[in-house]
Amino acid sequence: MTAEEKRGRTLRFAGPLFILTAAVLVAVDQITKYAAVVYLKGKDAAVLIKNVLELRYLENSGAAWGMLQNRQWIFALITIAFLSVIAFFMAKIPKTAYYRPLMLTLAVLCAGAVGNFIDRIRQSYVVDFIYFKIIDFPVFNVADICVTLSVIALLILILFHYKDKDFNFVRRTDGNEEHKD
């Protein structure tokens with residue numbers, strides 16, 4: 001199959017696959033946070049690799065590096081706006097194999113945003129538990145990994161995979177139009 005044929009091939013299950021990917025990652029995030037509460041809260045750090053990697057319980061009521069502590073309403077507004085933008089893009093992206101990497105990346109990004117949003121709404125803080133001691137990196141969680149990796153993937157896709165014309169779908173008003181070169 002040529003690149004042109006693959007670009008135009010319709011993905012029948014793009015929407016459900018997006019939802020399934022995001023749901024699985026949110027579930028993994030929430031299960032690991034639950035495990036952190038059960039096994040790490042109130043205990044010393046669990047050393048996985050001495051002086052490199054630890055599991056330690058932290059309740060983070062701010063953003064990365066402790067910024068914006070106790071400003072949950074800001075996080076709620078940002079997350080809702082962010083998820084709205086993702087929904088807008090998902091509604092407009094042509095459901096073809098060519099855009100599969102973009103859809104998958106947005107699903108992972110959505111999962112990360114939702115994973116931490118659940119914590120913020122439910123308990124006004126995010127449970128973090130993964131700590132890279134070797135570089136003294138802030139304690140983080142699975143949702144943070146999803147956000148970080150998907151942003152990196154999105155940058156790579158935008159810079160090296162897609163061309164400007166590949167994003168013409170954003171300006172279209174008729175969702176039935178096919179991607180054209």
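Residues 24 or more positions apart account for 68% of those contacts in the protein chain that have a sequence separation of 6 or more. The model in which these contacts were computed is a predicted one. Its protein chain has 181 residues, of which 39% count as buried. The secondary structure comes to five helices and three strands, and along the sequence these elements follow the pattern α-α-β-β-α-α-β-α.

## Helix packing

Two packed helices are described by the angle between their axes and the distance between the axes. Three such pairs are set out below.

| Helix pair | Angle between axes | Distance between axes |
|---|---|---|
| α3 and α4 | about 155° | 10 Å |
| α2 and α5 | about 145° | 8 Å |
| α2 and α4 | roughly 40° | within 8 Å |

In the pairing of α3, which spans residues 72-92, with α4, which spans residues 100-123, the axes are 10 Å apart and the angle is about 155°. Because angles over 145 degrees count as roughly antiparallel, α3 is placed in that class with respect to α4. The crossing of these two helices is left-handed. On the α3 side the contact is made by Q72, F75, A76, T79, I80, F82, L83, I86, F89 and M90, and on the α4 side by M103, L106, L109, C110, A113, V114, F117 and R120. Sorted by class, the contact of α3 with α4 consists of 15 nonpolar, two polar and one charged residues.

Helix α4 also packs against α2, the two axes coming within 8 Å and crossing at roughly 40°. With that angle, α2 is oblique to α4. The crossing in which α2 passes α4 is right-handed. The residues that make up the contact of α2 with α4 divide into 14 nonpolar, four polar and four charged.

Helix α2, residues 14-40, has a further packing partner in α5, residues 142-161, with an angle of about 145° and axes 8 Å apart. The residues in this contact are L25, V28, D29, T32 and K33 from α2, together with V142, A143 and C146 from α5. By class, the contact of α2 with α5 holds five nonpolar, one polar and two charged residues.

## Salt bridges

The structure holds five salt bridges, and those described here include two that involve K33. In one of them K33 pairs with D29, the closest N and O atoms being 2.9 Å apart. Both K33 and D29 lie in helix α2, where they are four residues apart, about one turn of the helix. K33 counts as buried because its relative accessibility is 3%, and D29 likewise counts as buried because its relative accessibility is 1%.

The side chain of K33 also meets that of D119 in a salt bridge, at 3.0 Å from N to O. This pair links distant parts of the chain, since K33 belongs to helix α2 and D119 to helix α4, with their positions 86 residues apart. Both K33 and D119 are buried.

Another salt bridge joins the side chains of E54 and R56, at 2.7 Å from N to O. E54 is buried, with a relative accessible area of 5%, whereas R56 is partly exposed, with a relative accessible area of 31%. Salt bridges that share partners join D29, K33 and D119 into one network.

## Individual positions

R56 can also be placed relative to Y39, as the two residues are 17 apart in sequence and 9.6 Å apart in space, C-alpha to C-alpha. Y39 lies in helix α2 and counts as exposed, because its relative accessibility is 61%.

T105, by contrast, is found in helix α4 and counts as buried, because its relative accessibility is 8%. When its neighbours within four places in sequence are left aside, T105 is in contact with S150, A153, L154 and L157.

Technical notes
Residues are numbered from 1 along each chain as its sequence is written. This is a predicted model: local features need pLDDT of at least 70, side-chain atom pairs count only at pLDDT 80 or more; totals for chains, interfaces and linings use all residues. Side-chain values use heavy atoms; hydrogens and water are left out. Axes are lines fitted to C-alpha atoms, for helices over the stretch in contact, and angles run from 0 to 180 degrees between N-to-C directions. Angles under 35 degrees count as roughly parallel, over 145 as roughly antiparallel, 65 to 115 as roughly perpendicular and the rest as oblique. A crossing is left-handed if the near helix is turned anticlockwise from the far one by less than a right angle, and right-handed if clockwise. Contact means heavy atoms within 4.5 Å. Ala, Val, Leu, Ile, Met, Phe, Trp, Tyr, Cys and Pro count as nonpolar, Asp, Glu, Lys and Arg as charged, and the others, Gly among them, as polar. Buried means under 20% relative accessible area, exposed over 50%, partly exposed in between (1.4 Å probe, protein chains only). A salt bridge is a side-chain nitrogen of Lys or Arg within 4 Å of a carboxyl oxygen of Asp or Glu.
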